[in-house]
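This report describes one structure through its contacts with nucleic acid and its helix packing. Please keep the sequence and the coordinates open while reading.

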Number of protein chains: 2
Amino acid sequence: MKVLTKNTDYAIRALLALAAKKGCYVSAKSIATEHDIPYQFLRGLLQEMIRHDLIVSKEGVQGGFMIKKDPDTISVTQLIEIFQGKVQVSECMFRKQICANRARCVLRHEIMRIEQVVQSEFEKVTIGKLMRDLEAANQVKS
Amino acid sequence: MKVLTKNTDYAIRALLALAAKKGCYVSAKSIATEHDIPYQFLRGLLQEMIRHDLIVSKEGVQGGFMIKKDPDTISVTQLIEIFQGKVQVSECMFRKQICANRARCVLRHEIMRIEQVVQSEFEKVTIGKLMRDLEAANQVKS
DNA sequence: TTTAATTGATATCAATATAGTATCAGTTAT
DNA sequence: ATAACTGATACTATATTGATATCAATTAAA
Ligand code: FES
Ligand code: FES
């Protein structure tokens, strides 16, 4: 079971790249080559992120993408939702047995509680946080 | 993003059915019809669970499947691992940038921490617990 | 003003995973 | 002997994931 698929993974990496060059337009090509992400695939992801208002773009020579939202407000949960759909444990487990009284279903509550925990854990991990972790890791390295 | 796929979902339901008739052999057919699970699909799942020592079977007329392990020791985590593979957030995020000093990678630690949280939450949910919840729900209903 | 570097939009394809079906051989209670 | 079962395995269909290709529109700069 893979929690993050390639698109989410790539999107996070791309956002980190953009966050590192905040205020500048960075081309998809340079991100693709530097971070080893398939070019056209990446472009699709970037367009999707524009639609979700995380980044902006400029066309033409010297164009590219720029981060728009504050990195600390972009969570992994959000990116999972964009690229993999809302986290849900299962459509509705045990539907046959208990869905008749859905409102009271204890199992359902149990499941929803876990959903909540999973989401809030990922909520804590923002692009901003990852950036700082990354910097710290690089400091230690050198 | 779906956390539980059909096979895990069905397997849980089947185990609950077996747990409710502990000590008896229950046929795949009866489980399939009662719980609305595709028959042949279910049989595959049951065989897999035999291989993992959760249940046993008896061939021939009056044969069927019987739960073997204590329901309280069968966790959803375990079933996810059997049917969807071990929970992993991503193979190795940011590999290009940091895998050189993998041991020190802060991001990796962050990710592994979440992995841990997710797993331990599911660990708490056992077949035994679900059984009791289910009984409680049915009590309230009637 | 032409050109090359870029994004926008969209179509297509391949690989993999998920979901479900079918078949036949072997076992066993009746 | 037979019918109700499981064991084993092959197969098909569909959805998801991952990746590529194409062409029009835009724009900085030669
Ligand atoms: S599982 Fe559907 S309401 Fe409980
Ligand atoms: S992501 Fe691979 S070691 Fe950090």
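The sections below cover a predicted model, beginning with the DNA strands and ending with the helices.

## Surface near DNA strand C

DNA strand C has 26 residues around it, and those that come nearest are A:Ala28, A:Arg43, A:Ser57, A:Phe65 and B:Lys6. Elements of both chains contribute to this surface: α3 (39–51), β1 (55–58) and β2 (64–67) of chain A, and α1 (6–20) and α3 (39–51) of chain B, each supply at least two residues. The largest share, four residues, comes from α3(A). Sorted by class, the surface near DNA strand C has nine nonpolar, 11 polar and six charged residues.

## Polar contacts with DNA strand C

On the DNA side, 58% of the strand C atoms within 4 Å of the protein belong to sugar or phosphate, and the rest belong to bases. Contacts to both parts can be listed. For the bases, a polar side-chain atom of A:Gln47 lies 3.4 Å from a base nitrogen of DNA strand C.

Two residues of chain B approach phosphate oxygens of DNA strand C. B:Lys6 does this with a backbone N or O atom, at 3.0 Å. B:Tyr10 uses a polar side-chain atom instead, at 3.1 Å.

## Surface near DNA strand D

Around DNA strand D there are 25 residues, of which A:Lys6, A:Phe41, B:Ala28, B:Arg43 and B:Ser57 come nearest. Of the strand D atoms that come within 4 Å of the protein, sugar and phosphate account for 59%.

The elements that each supply at least two residues of this surface are α1 (6–20) and α3 of chain A, together with α3, β1 (55–58) and β2 (64–67) of chain B. Here α3(B) gives the most, with four residues. The class composition near DNA strand D is nine nonpolar, 10 polar and six charged residues.

## Polar contacts with DNA strand D

Which atom of DNA strand D lies 2.4 Å from a polar side-chain atom of B:Arg43? It is a base nitrogen. A second contact to a base involves chain A: a backbone N or O atom of A:Gly60 lies 3.4 Å from a base oxygen of DNA strand D.

The phosphate part is reached by B:Ala28, whose polar backbone atom is 2.9 Å from a phosphate oxygen of DNA strand D.

## Packing of α3 and α4

Two packed helices are described by the angle between their axes and the distance between the axes. In chain A, α3(A) packs with helix α4 (residues 76–84) at an angle of about 115°, and the axes are 11 Å apart. The two helices α3(A) and α4(A) are therefore roughly perpendicular to each other, and their crossing is right-handed. A:Leu45, A:Glu48 and A:Met49 from α3(A) meet A:Leu79, A:Ile82 and A:Phe83 from α4(A). By class, the residues of this contact are five nonpolar, no polar and one charged.

In chain B, the axes of α3(B) and helix α4 (residues 76–84) come within 11 Å and cross at roughly 115°. That makes α3(B) and α4(B) roughly perpendicular as well. α3(B) passes α4(B) in a right-handed crossing. The contact is formed by B:Leu45, B:Glu48 and B:Met49 of α3(B) with B:Leu79, B:Ile82 and B:Phe83 of α4(B). It has five nonpolar, no polar and one charged residues.

## Packing of α1 and α3 in chain B

At what angle do α1(B) and α3(B) pack? The angle is about 75°, with the axes 10 Å apart. Angles from 65 to 115 degrees count as roughly perpendicular, and α1(B) and α3(B) are therefore roughly perpendicular to each other.

From α1(B), the contact takes in B:Lys6, B:Asn7, B:Tyr10, B:Ala11, B:Ala14, B:Leu15 and B:Leu18. These meet B:Phe41, B:Leu42, B:Leu45, B:Leu46 and B:Met49 of α3(B). The residues of this contact divide into 10 nonpolar, one polar and one charged.

B:Lys6 and B:Tyr10 take part in this helix contact; B:Lys6 also lies 3.0 Å from a phosphate oxygen of DNA strand C through a backbone N or O atom, and B:Tyr10 lies 3.1 Å from a phosphate oxygen of that strand through a polar side-chain atom.

Key: Residues are numbered from 1 along each chain as its sequence is written. Chains are lettered from A and ligands numbered from 1 in the order in which they are written. This is a predicted model: local features need pLDDT of at least 70, side-chain atom pairs count only at pLDDT 80 or more; totals for chains, interfaces and linings use all residues. Side-chain values use heavy atoms; hydrogens and water are left out. A residue is near a molecule or strand if one of its heavy atoms lies within 4 Å of it. A polar contact is a pair of N or O atoms within 3.5 Å; within protein, one must be able to donate a hydrogen and the other to accept it, and residues adjacent in sequence count only if both atoms are side-chain atoms. Ala, Val, Leu, Ile, Met, Phe, Trp, Tyr, Cys and Pro count as nonpolar, Asp, Glu, Lys and Arg as charged, and the others, Gly among them, as polar. Axes are lines fitted to C-alpha atoms, for helices over the stretch in contact, and angles run from 0 to 180 degrees between N-to-C directions. Angles under 35 degrees count as roughly parallel, over 145 as roughly antiparallel, 65 to 115 as roughly perpendicular and the rest as oblique. A crossing is left-handed if the near helix is turned anticlockwise from the far one by less than a right angle, and right-handed if clockwise. Contact means heavy atoms within 4.5 Å.
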